[in-house]
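Work through the following exercises with the sequence and the model side by side. Each task is followed by a solution that proceeds step by step.

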Amino acid sequence: MLRNLTTGETVAGSVVRCDTFWKRGRGLMFRRSLPEREVYLFVEGRESVAQTTIHMFFVFFPIGVVWLDRDKRVVDLTLARPFRPYYAPQSPDQLFVEAPPSLVER
């Protein structure tokens with residue numbers, strides 16, 4: 001379960017933790033959709049802009065992306081569109097969440 005600690009709102013009921021090379025590499029590529037209450041949590045070893053930059057090649061639907069620092073505070077967020085080559089946070093972070101686009105609105 002993923003929760004917004006500021007509001008107490010439950011953001012997602014199901015969290016897929018992507019903390020291995022293979023899980024981070026695959027991410028949402030080649031999937032046709034993402035259930036509304038499911039998110040992918042990507043975990044890096046340290047705060048970095050380069051290691052948390054994403055691409056949308058072979059992702060066939062828009063997603064909401066929220067980047068978090070090591071203290072789990074939101075650093076940046078965006079609506080990522082299919083087949084775009086580059087999305088990066090404005091400042092270093094350690095975690096990011098890929099979710100349905102409604103996450104960015106919340």
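**Exercise 1: the sheet**

Determine how strand S5 is joined to S6, and then place both strands in their sheet.

Solution. Strand S5 (residues 63-68) and S6 run antiparallel and are joined by six bridges, where strands are DSSP runs (E, at least two residues) numbered from the N terminus and two of them pair if DSSP finds at least two bridges between them. One bridge can be located by residue, since Gly 64 has Leu 79 in S6 as its partner. The model is a predicted one, in which local features need pLDDT of at least 70 and side-chain atom pairs count only at pLDDT 80 or more, while totals for chains, interfaces and linings use all residues. Residues are numbered from 1 along each chain as its sequence is written, and side-chain values use heavy atoms, with hydrogens and water left out.

Next, the wider arrangement is an open sheet of five strands in the order S3-S4-S7-S5-S6, with mixed pairing. Strand S3 (14-18) and strand S6 (74-80) each have a single partner strand and stand at the edges, so one side of each is left without a neighbour in the sheet.

**Exercise 2: the aromatic pairs**

Classify the ring pairs Phe 21 and Trp 22 and Phe 58 and Phe 83, and state how exposed each residue is.

Solution. The structure holds five aromatic pairs, counted for rings of Phe, Tyr and Trp (its six-membered ring) with centres within 6.5 Å, and called stacked for planes under 30 degrees apart, edge-to-face for over 60 and tilted for the rest. Phe 21 and Trp 22 are edge-to-face, at 5.1 Å centre to centre with 80 degrees between the planes. Phe 21 has 59% relative accessibility and counts as exposed, as does Trp 22 at 70% (exposed is over 50%, buried under 20%, partly exposed in between, with a 1.4 Å probe and protein chains only).

For Phe 58 and Phe 83, the centres are 6.0 Å apart and the planes stand at 70 degrees, so this pair is edge-to-face. Phe 58 lies in the loop between strand S4 (38-48) and S5, and Phe 83 in the loop between S6 and strand S7 (93-99), so the pair ties together parts that are 25 residues apart in sequence. Phe 58 counts as partly exposed at 40% relative accessibility, and Phe 83 as partly exposed at 41%. Finally, ring pairs link Phe 30, Phe 58, Phe 60 and Phe 83 into a cluster.

Methods. Helix = DSSP H or I, 4+ residues; strand = E, 2+ residues; numbered from the N terminus.
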